[in-house]
Amino acid sequence: MDRRPGWSVRLKLTLSYAGFLMVAGALLLAAIGWFLLEQRWLQTNESGRWQQGPGVAFVRGFAPLAAAVMVFLLVFGLLGGWILAGRMLAPLTRITDAARMATHGSLSHRIRMPGATDEFRELADAFDAMLARLEAHVAEQRRFAANASHELRTPLAISKSLLDVARADPSRDIGELIDRLSTVNTRAIDLAEALLLMSRAEQRTFTPEYVDLSLMAEEASETLLPLAEKRGVALETSGEITPTTGSPALLGQLVVNLVHNAITHNLPKGGAVWITTTTRPGTAVLTVENTGEWLSPELVATLTEPFQRGTERVHGDHAGVGLGLAIVERIVQVHDGTLTLTPRAEGGLHIRVQLPGVPPRPAK
């Protein structure tokens with residue numbers, strides 16, 4: 001934005017300081033002069049003699065001294081104000097320099113303002129915290145873009161290899177080629193849809209609506225029951241009415257992702273998934289717990305990062321694209337909730353989602 005040039009803040013503070021000092025000095029000198037002038041009049045009246053021009057005599061004696069004092073106050077005010085304003089605005093200069101560095105792409109710089117807490121230091125600390133979050137966000141976006149590019153490149157490379165093989169061997173079974181291409185294409189579509197869902201979640205473009213997490217847990221269980229039966233996993237859903245507000249589509253996807261992840265990453269046989277919804281004062285809680293392989297706390301801490309999986313990749317019909325828990329985390333964040341992942345001592349994972357609760361709707 002183009003702006004017309006103006007006075008610096010330091011100059012304005014200097015002039016303000018000097019101006020107030022001049023006004024205070026003028027009032028003080030005026031009060032002293034008025035007092036001395038009154039004394040001259042009283043002395044003249046008490047002597048019984050009329051002395052011509054007591055005011056003129058006062059002006060001749062006091063005015064030069066007052067003028068000298070005012071000049072001194074002006075010089076002292078300008079010099080002292082310039083020095084004091086510079087010292088007061090020095091922290092602001094450091095903040096400005098850090099902001100300029102950030103605009104040129106240097107997000108690793110920190111102000112780290114020393115000294116006791118005041119307004120400038122609170123501003124500097126807030127700016128440092130903002131830079132830290134921005135740096136982490138940019139690094140995460142770059143890592144996500146690199147991973148997404150790699151994941152999208154994989155099905156395209158597989159498709160190209162299949163087509164090259166078919167071109168080199170015209171006698172190859174076309175039906176088998178079409179089935180494999182269909183599988184690869186479906187995976188690429190699933191990945192693209194997951195990326196779009198993450199983008200939609202981060203935009204917060206939805207209008208909050210009343211949502212009952214217990215109903216969504218039941219719907220997710222019914223939807224994924226065939227997958228659970230195919231893998232030999234028992235599904236158990238329990239709980240009470242758990243109302244919250246948010247996007248029904250996003251919260252529904254959150255529950256489906258959690259249940260799907262719990263079914264997919266489970267024991268080969270005899271696994272189980274427990275889905276529970278409860279309410280706390282001002283909080284709606286959804287927990288999804290499953291059996292499975294033992295997971296270390298270090299590994300669990302990375303599961304919400306995009307394209308991270310707790311176990312080896314399984315390129316099956318329901319393998320997923322490595323964005324399930326990453327999408328869950330984004331949805332929880334845009335709904336002002338918290339997501340907690342804890343490894344179970346017996347193996348598997350315990351996931352807890354806490355969202356802002358609301359009173360249940362009255363029965364009609």
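How do the residues of the lining of the second largest pocket divide into nonpolar, polar and charged? The answer is three nonpolar, three polar and five charged, where Ala, Val, Leu, Ile, Met, Phe, Trp, Tyr, Cys and Pro count as nonpolar, Asp, Glu, Lys and Arg as charged, and the others, Gly among them, as polar.

Before going on, a word on what you're looking at. This is a predicted model, with local features needing pLDDT of at least 70 and side-chain atom pairs counting only at pLDDT 80 or more, while totals for chains, interfaces and linings use all residues. Residues are numbered from 1 along each chain as its sequence is written, and side-chain values use heavy atoms, with hydrogens and water left out.

Back to the pocket. The second largest pocket holds about 390 Å³ of space. Its lining is made of eleven residues, and Arg133, His137, Glu140, Arg330 and Gln333 are the ones nearest its centre. Two elements, α3 (119-168) and α8 (324-334), each give two or more residues to that lining, and α3 supplies the largest share, six residues. As for the terms, a pocket is an open set of points on a 1 Å grid over the protein atoms alone, where a 1.4 Å probe fits, with protein on both sides within 12 Å along at least five of seven lines; lining residues have an atom within 4 Å of a point. Grid points are joined across faces, edges and corners, and the volume is the space filled by probe spheres set on the points. Helices (H or I, at least four residues) and strands (E, at least two) are DSSP runs, numbered from the N terminus.

Now follow α8 itself. This helix is mostly covered, with eight of its eleven residues buried; here buried means under 20% relative accessible area, exposed means over 50%, and partly exposed is in between (1.4 Å probe, protein chains only). The buried residues are Leu325, Ala326, Ile327, Val328, Arg330, Ile331, Val332 and Val334. Arg330 is thus on that list and also among the residues nearest the centre of the pocket.

After α8 comes Asp336, in the loop between α8 and β6 (338-343). Its phi is near 60 degrees, a positive value in a residue other than glycine. Most residues other than glycine have a negative phi. Asp336 counts as exposed because its relative accessibility is 59%. Arg112 has a positive phi too, near 50 degrees. You'll find Arg112 in the loop between α2 and α3, and with a relative accessible area of 61% it is exposed.

That loop also holds one end of a salt bridge. A salt bridge is a side-chain nitrogen of Lys or Arg within 4 Å of a carboxyl oxygen of Asp or Glu, and the count here comes to seven. Arg110 and Glu135 meet in one of them, at 2.8 Å from N to O. This pair links distant parts of the chain, with Arg110 in the loop between α2 and α3 and Glu135 in helix α3, 25 residues apart. Arg110 is buried, at 15% relative accessible area, whereas Glu135 is partly exposed at 30%.

Other salt bridges stay within a helix. In α3, Asp164 pairs with Lys160, and the closest N and O atoms are 3.1 Å apart. The two are four residues apart, so they are separated by about one helical turn. Asp164 is partly exposed at 32%, and Lys160 is exposed at 52%. Shared partners join Lys160, Asp164 and Arg167 into one network of salt bridges. Over in α2, Arg100 and Asp97 form a salt bridge with their closest N and O atoms 3.6 Å apart; these two sit three residues apart, about one turn of the helix. An α-helix has 3.6 residues a turn, so residues three or four places apart point the same way.

Finally, look at the surface. Leu15, Val71, Leu74, Val75 and Leu78 form a nonpolar patch with about 390 Å² of accessible area together. Helix α2 (residues 54-103) gives the largest share, four residues, while Leu15 is found in helix α1 (residues 9-46). Patches take residues with over 30% relative accessible area and no salt bridge, joining like charges within 9 Å and nonpolar side chains (Val, Leu, Ile, Met, Phe, Trp, Tyr) within 5 Å; accessible areas come from the Shrake-Rupley method with a 1.4 Å probe, and for residues only the protein chains shown count as cover. Leu15 is partly exposed, at 37%.
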